[in-house]
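Hi,

Here is the structure I promised to pass on. Have a look at it first, then read my notes below.

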Protein chains: 2
Amino acid sequence: MVTIKDISRECGVSPATVSKALNGYAEISPETVELVKRTASKLNYMPNAAARLLKTNRSHNIGVLFVDDTMSGLTHEFFSHVLNSVKEEAEADGYDITFISNNIGRQKMSFLQHCRYRNCDGVVIASVDFQNPEVLELVRSEVPVITIDYSFDNLSSIVSDNQEGAYRLGSYLAEQGHRKIAFVHGERTLVTQKRIRGFNKAMNEYGIEIPPEYIIEARYHDADSVRKATAALLDLEEPPTAIMFPDDFSFIGGQTEIIERGLSIPDDISVCGYDGINLSRILNPQLTTWRQNAERIGKESVRKLVESIEGTSVAEQIMVSGEFLSGNSVRKWEN
Amino acid sequence: MVTIKDISRECGVSPATVSKALNGYAEISPETVELVKRTASKLNYMPNAAARLLKTNRSHNIGVLFVDDTMSGLTHEFFSHVLNSVKEEAEADGYDITFISNNIGRQKMSFLQHCRYRNCDGVVIASVDFQNPEVLELVRSEVPVITIDYSFDNLSSIVSDNQEGAYRLGSYLAEQGHRKIAFVHGERTLVTQKRIRGFNKAMNEYGIEIPPEYIIEARYHDADSVRKATAALLDLEEPPTAIMFPDDFSFIGGQTEIIERGLSIPDDISVCGYDGINLSRILNPQLTTWRQNAERIGKESVRKLVESIEGTSVAEQIMVSGEFLSGNSVRKWEN
DNA sequence: AGTATTGACGAAAACGATTTAGTAAATTAA
DNA sequence: TTAATTTACTAAATCGTTTTCGTCAATACT
């Protein structure tokens, strides 16, 4: 391994000078800088991140906390898009990313411990149980943190406009003439609350009274639980003519139930999803849904996080808007 | 940050003793070990990975090289499963993972340089262009490497049984009575060659003569190119009655073309995919396909890589078998 | 001319661990 | 009883950087 000493020997200057030349200190003469840089690339020199970190306390590494028991991590299409965008923006900013977990090797270690162990300069937290004590420990620690789709006081966060999304979908269904609109939502997280609020707002504006049994809880990304919720809705004395589902993927559970009952989408029942992942575009019929801007969510998270790592940035909540995606899963309803 | 020195002070022993006690050296008395460990956990001590690395040259970090221009990295469902499994096995073995790229910050750096910069103990290489000079440089370097779905001489690799997969799918179509079977395959990589071989083997066994224009190249994970290939097939004077597609995802392109021509699956034309991702299970009709065992591929890669990092292990090629998944996309063909 | 300033560089400590080569006391062997 | 061995520990070097003070010329200012 070629080190700074090799360069210093080759150039006849001290290691200190090499370091400074490489890091652009003004006190080194242009000729020396030139010489050092040339030999560095001649010798194929790469700084040792560990040594640098040890001295500077900056790892150029950001942690990503992405775990959630309801979904199998990276295989969740929406989050894999967020993650991909996080990765790309991080790389563009000169950072690598490390997944934060709480069991590394045989050792149990808390999220915070893992961050410290790897000296993460900051952490992006997404889609976890934000009440989890380990998450709270991390959030309250000294390590810079940004949260996705959840906001803590005095901390920056990136949130997808969930209220708007549910509002737009609800409004659309109402516009199409539906009056019996059900909402199968996910676990009662902040995201869910926002969506319920958006849904209610739309219903209010259209003067639609929604009976409580039309608003029913299932689990995100869990086709089975959504299927059961759908069954419950269809078993009602007055079943809905339209259903909003928690997300595009779990909608499949609902679809299965609907089809098995001999009903068809959208003739007998109109549906819409949430997320706007690729899947929603290729389903048959194509799903009417709300596309969350995963790319921008990931990118903004890192941008904001790096800002708060490198400079001083004020806590801020950044709202990322989405986009209505129409499909063929909703039909006009006339009565 | 609490260091080994804090513990040594608290316990009244030297830092050396603390280090040895923590690392299970035999020369430390049981009482001291006990004392050191207790105070370590009392002070919430975490070793500093960078400092340890600097001295030991072991980062407990494995690199993952996953780039490919035809697919958008992590958002590829099959590879996100492999990756997820790589991550889990790595964590179980006490490793973190780092994505290897060749542009970190404003600096261009080769894959190998990136590995050295982060001191990766080893690298898992998957799904890239294995002729890429930078990949070759990495493969030929001193850093332990394992390749997925490609084998270099004297290096360990994990390969999915592509020949078997294509063979089984081809055989199945033939069994169902099809005689005009087309194969839309991906770019001419080793994987593709294996599949073509498997396909041909099946056709031979059933004594089926396949005209050259039935074997046609498209691109993996590229719905558009597959759509074009499908169009070409359907435009033939004697179009096939069954088509094997490069993968489940890009099949969508073929499906679109088929449907737009007013044909239906499987009544007019039978199809099968490859990969067996979730998507294939929820498509309508459900896709007949070959499930690659992404979980085992990821897990075995890390296991083998760690083996060659930690001990001495012989180069070995591990074949991971898949599983035939039947759907409703193929119908019996009687003539 | 004498002093102050600037420019260009180097010596050495430090970061937090690991590890080699001791050392002193306790134990065993002869 | 003395020498040899074992036990339990420590001092100090080291990994590859960065950074704080110097230092020593050369130049600029009274």
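The second largest cavity holds about 40 Å³ of space. By cavity I mean a set of points, on a 1 Å grid over the protein atoms alone, where a 1.4 Å probe fits but cannot get out. Its volume is the space filled by probe spheres set on the points, with grid points joined across faces, edges and corners. Keep in mind that this is a predicted model: local features need pLDDT of at least 70, side-chain atom pairs count only at pLDDT 80 or more, and totals for chains, interfaces and linings use all residues. As for bookkeeping, residues are numbered from 1 along each chain as its sequence is written, chains are lettered from A and ligands numbered from 1 in the order in which they are written, and side-chain values use heavy atoms, with hydrogens and water left out.

Which residues line the second largest cavity? They are A:Lys87, A:Ala90, A:Glu91, A:Tyr95, A:Asp96, A:Ile97, B:Thr98 and B:Phe99 (lining means having an atom within 4 Å of a point). α5(A) gives the most, with three residues. Helices here are DSSP runs of H or I with at least four residues, strands are runs of E with at least two, and both are numbered from the N terminus.

Now for the other cavities. There are four of 30 Å³ or more in the structure, and the largest has a volume of about 230 Å³. Its lining has 17 residues, and those nearest its centre are A:Asn61, A:Arg118, B:Leu53, B:Asn61 and B:Arg118. α4 of chain A and α4 of chain B each supply at least two residues of that lining.

Then there's the DNA. Strand C is surrounded by 27 residues, and A:Thr17, A:Lys20, B:Ile4, B:Ser19 and B:Tyr25 are the closest (a residue is near a strand if one of its heavy atoms lies within 4 Å of it). Of the strand C atoms within 4 Å of the protein, 63% belong to sugar or phosphate and the rest to bases.

Some individual distances are worth finding on screen. An N or O atom in the side chain of A:Thr32 is 2.7 Å from a phosphate oxygen of strand C, and a backbone N or O atom of B:Ile4 is 2.5 Å from a phosphate oxygen of that strand. B:Ala51 has a polar backbone atom 3.2 Å from a base nitrogen of strand C. As for elements, α4(B) makes up the largest share of the surface near strand C, with four residues.

Cheers

Key:
Polar contact = N/O pair within 3.5 Å; in protein donor to acceptor, adjacent residues only side chain to side chain. 1 Å grid on protein atoms, 1.4 Å probe; cavity = no way out; pocket = protein on both sides within 12 Å on 5 of 7 lines; lining within 4 Å.
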